[in-house]
Amino acid sequence: IVSTAQFTCFRKYRERKGKEFCKGPLKNRKKFNSPETCCAKKGKGFAVSMVKLGGKNKFQCMSCSVLKKTTLAPTFPPTPEVTTGLPEWGRWNPCTVTCGYGWRNRYRLCDDCDKNHFNYVQSQPCLVNFYCPMDGNWGNWMGWSKCSADCGGGTRTRVRRCNYPPPTHGGKNCPGPGVKEEPCNEEPCKVDGHWGSWSQFTLCSATCGSGTMVRTRTCDNPPAQFGGKQCNGPPYEEKRCKNKNCPLHGGWSMWGPWSECSVTCDTGVVTRTRTCDSPRPLFGGRECEGSATDTRDCTANKQCPVHGGWTSWTLQGRCNAPRCETGTSIRSRSCTNPRPRNGGRPCVGRSYSRETCVNDENCPKSGEWCNWNEWSQCTATCTGLNSMQVRQRSCQCPGPQAGGSECDGSKYEARECVNVQPCNPYGAFVGQRGRKDEDSYSTSVNTTEDAGKNDEVRT
């Protein structure tokens, strides 16, 4: 079957590295009705349509040399045969290819003719499915892409295209992947240090007055690693603070001038003073230490009169009276403390004194009670009729002398125990029972005291 498609004609046909292509389509890309009309002129190759290959001005084509290999030179369409009396032609054999350009033959219908003779065989090109399936083939790998990370492990890729040639007319795609990936820049990234959070401010450095307080931070969020930069800025921060006013301790002023001598005769003193106002104590500060007055001895030009002064009275003398009767006793003093001199005045008053007295030597004297002893321990662990404490005293402060009488009153004293919980378990009746117990206690105390007196009497 002869194709009636319109053909493109090329001026150049090339074969390089096993690949065929055409270049330079004829001017105006004029279409031809058959390959023979193209190849009969300047054409070197032909194609049904212009399919561009990789590279500049390269197209798929068929070489005109295919037509020149025929033993006959048929034309498209074939010229009418001239009847020469030869047998008629049989049918055309199938095309030698199932796709693209091939050849087909036909023979004369005779039994005894030489079918290899050119008069008895006829060949012509044939075209079956001009667009033949062509499997794709990979082109070269392109360059690697930029790594997806500058450090710390990234990936880079490179690609190749299935265009050498590309699959056409149902041909198979290139086998294998068109993208290749590999790791890159696997060295650790530099990590610049960043500051962590500020700490709380410290307490003020001064407990009073002005001071400072500090807060800190560390370069650990994250710390600098693998050559990364350290944190910029200071690791601490200060700010001024002020608590209550500090105590201001007092300070002495300069001493004032000396005063005049305190006397006009003999030895006296001169004084000078200072004040605690340089500065004055403030806000609980201490007063100035030391004395505000400074004293120094001074001497006048003459001796002063010394007035007489009494000595202390002597002890009272013996009582001038019979035993156990009233009389008088004498005490004395002298004007020798100091003696009058330099015109000083003598002592004023008497040098002796009479006092009324009683001659109590060997006189009867009554006894006096001493202080009470401590209370004894309680006789029970809880208060009740039998819980008692006792204390006593003696008549020896002083005791009776020279037949004097004994001390008045009781030598013993008893009471119900104190600071001990009640023995009665019925709290509602404690008050009433308590009053009854008090009456009983009073009776028992009196009885005890009487018993004590009786004991004394017996003693």
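How far apart are the sulfur atoms of the disulfide formed by C378 and C417? In this predicted model, the two sulfur atoms of C378 and C417 lie 1.8 Å apart. The torsion about the S-S bond of this pair is about 100 degrees, and the disulfide is therefore right-handed. The link joins distant parts of the chain, with C378 placed in the loop between β15 (352-358) and β16 (388-392) and C417 in the loop between β17 (412-416) and α3 (430-458), at a separation of 39 residues. The two cysteines were also assigned to solvent-accessibility classes: C378 has a relative accessibility of 24% and, because the partly exposed class begins where the buried class ends, at 20%, C378 counts as partly exposed. C417, with a relative accessibility of 6%, counts as buried.

The model contains 20 disulfides in total, and a disulfide is, in general terms, a covalent bond between the sulfur atoms of two cysteines. Another of these links is formed by C9 and C38, whose sulfur atoms are 1.8 Å apart. Its torsion about the S-S bond is 75 degrees, and the link of C9 and C38 is right-handed. Because C9 belongs to strand β1 (residues 7-16) and C38 to helix α1 (residues 35-39), this disulfide ties together parts of the chain that are 29 residues apart in sequence. Both C9 and C38 are buried.

A further disulfide is formed by C162 and C174, with their sulfur atoms 1.9 Å apart. The torsion about the S-S bond of C162 and C174 is about 85 degrees, so that this disulfide is right-handed. C162 and C174 are both located in the loop between β8 (154-159) and β9 (179-184), and the pair therefore ties together parts that are 12 residues apart in sequence. C162 is buried, as is C174.

Contacts that involve aromatic rings were examined as well. The count of aromatic pairs comes to one. In addition, charged side chains are placed over aromatic rings: the charged end of K239 sits over the ring of F201, at 4.4 Å from the centre of that ring, while R415 lies over the face of W375, with a distance of 4.0 Å to the ring centre. R415, which takes part in the latter contact, falls within the residue range of strand β17 (412-416), the strand that precedes the loop holding C417.

Terms used: Residues numbered from 1 in each chain as written. Predicted model: local features only at pLDDT ≥ 70, side-chain atom pairs only at ≥ 80, totals over all residues. Heavy atoms only, no water. Disulfide = S-S within 2.5 Å. Helix = DSSP H or I, 4+ residues; strand = E, 2+ residues; numbered from the N terminus. Buried < 20%, exposed > 50% of the residue type's maximum accessible area, 1.4 Å probe, protein only. Phe/Tyr/Trp six-rings, centres within 6.5 Å; stacked < 30°, edge-to-face > 60°. Lys NZ or Arg CZ within 6 Å of the ring centre and 35° of its normal.
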